[in-house]
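Student: I should like to learn how the surroundings of a ligand and the enclosed spaces of a protein are read. Could we work through a case together?

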Amino acid sequence: MSTLNKTIQMIDMKESYSSIQEEVEAAVLNSLRSGKYILGPNVTSFEQELAKYLDCKHVISCANGTDALIISLLALGIKPGDEVITVSFSFFATAEAIALVGAKPVFVDVNEDDFNIDVSKIEEKITDKTKAIIPVHLYGQPCEIDKVTEIAKKHNLYVVEDAAQAIGAKYKNKCVGTFGEFGTTSFYPTKNLGAFGDGGALFTNNDDLAEKAKMIRVHGSKERYIHEVIGFNSRLDDIQAAILRVKLKYLSKWNEERAAVAKRYNELLSSNSNVITPICKPDRSHIYHQYTIVVENRDEVYQKLREKGVGSIIYYPIPIHKQKSLNDNSDLPVTDLLSGKILSLPMYPELKEEDQKYICDSLTL
Ligand SMILES: *Cc1c(COP(=O)(O)O)cnc(C)c1O
């Protein structure tokens, strides 16, 4: 092991940028010179290109991934008094969106092996107030979405897939985000398809829902100054769309490179009995938004990596149901257990093998 300390960041945004710098800068200049800045021509083109990529009828861009969830719920008519089933083992925004439209998030536990919703525990949480299910494709791995949509159909519920971490990941050869009434994603800079500011989008194959969502993102209006429903302002900038159009062309390549980085981690860590490496379940592709391991002495390992100059992050240290703002007393043993043991290691397409070796050496206590 090298005695020299390195610095390896969780994600190297600058290095990722350098590979596409010229193309991005030209696209931004074009947008600046076009004189059209909000929902401009790049936004329309990006929506069409992303729809084609996902093989989905409609893509509606908006200001961020949280808004995409809120717009979906509003378009589906979710209102105060309704219940929406989701997971507590996710980023806070998933449940926050439900609470913001006045509904109650109802939490289901996750599987210990893939961190995603435990479909065998959904039905016991369904009541006569339940209107929708929001499964999350966490860390870039599709959840058991077939089963989720099957349960939803049986009980007459909507499905909104939170694909903020899984854009381009496939379940049985079909992109996630296209199974439910809506799929949503985020273009936050560190996501697999990230803008250089905030951005988000919703996907749907339903023409009526697409029209509703489009109205909600611009003050409930189809025609200027005619407001048919109550909406809000949640639009994508033309500059961000211009950048996303460039980056979309590389998304598949980057997702494959992330999978290759993950494979190397799996090999390097195979002899470390203290570490459980992530699995990819059958019938799906994993795009490794995060490479997340499970370790017994997580806090010690985290400290040790820090001392060695390696960035790692705990996604997420406090499960959503335990947050003060929600004060929910659901019994979610797997969620509680995992949040004390998970650790995400540096992950980005350009991560070098020698750096991965250093990270894995540093993981040995
Ligand atoms: C990032 C993220 C969001 C929210 O996206 P923003 O663009 O930051 O609003 C929602 N859900 C999950 C699972 C996320 O990772």
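Student: How do the residues of the shell around the ligand divide by class?

Tutor: By convention, Ala, Val, Leu, Ile, Met, Phe, Trp, Tyr, Cys and Pro count as nonpolar, Asp, Glu, Lys and Arg as charged, and the others, Gly among them, as polar. Here the shell around the ligand holds eight polar, four nonpolar and two charged residues. This is a predicted model, in which local features need pLDDT of at least 70 and side-chain atom pairs count only at pLDDT 80 or more, while totals for chains, interfaces and linings use all residues. Residues are numbered from 1 along each chain as its sequence is written, and side-chain values use heavy atoms, with hydrogens and water left out.

Student: Which residues around the ligand come nearest?

Tutor: A residue is near a molecule if one of its heavy atoms lies within 4 Å of it. There are 14 residues around the ligand, and Gly-65, Thr-66, Asp-162, Ser-186 and Lys-191 come nearest. Among helices (DSSP runs of H or I, at least four residues, numbered from the N terminus), α4 (65–75) and α5 (93–100) each supply at least two residues of this shell.

Student: Which polar side chains lie beside oxygen or nitrogen atoms of the ligand?

Tutor: A polar contact is a pair of N or O atoms within 3.5 Å. A side-chain N or O atom of Thr-66 is 2.5 Å from a ligand oxygen. For Asp-162, a polar side-chain atom lies 2.8 Å from a ligand nitrogen, and for Gln-165 the distance to a ligand oxygen is 2.9 Å. The protein covers 92% of the 380 Å² of accessible area (Shrake-Rupley method, 1.4 Å probe) that the ligand has on its own.

Student: How many cavities of 30 Å³ or more does a search of the whole structure find?

Tutor: On a 1 Å grid over the protein atoms alone, a cavity is a set of points where a 1.4 Å probe fits but cannot get out, and lining residues have an atom within 4 Å of a point. The search finds two cavities of that size. The largest has a volume, meaning the space filled by probe spheres set on the points, of about 160 Å³. Its lining has 15 residues, with Ser-16, Pro-189, Lys-191, Lys-247 and Trp-254 closest to the centre. α1 (13–18) and α9 (251–269) each supply at least two lining residues, and α1 gives the most, with three.

Student: What is the volume of the second largest cavity?

Tutor: The second largest cavity holds about 40 Å³ of space. Its lining includes Asp-114, Phe-115 and His-286.

Definitions and conventions. A polar contact is a pair of N or O atoms within 3.5 Å; within protein, one must be able to donate a hydrogen and the other to accept it, and residues adjacent in sequence count only if both atoms are side-chain atoms. On a 1 Å grid over the protein atoms alone, a cavity is a set of points where a 1.4 Å probe fits but cannot get out, and a pocket is an open set with protein on both sides within 12 Å along at least five of seven lines; lining residues have an atom within 4 Å of a point.
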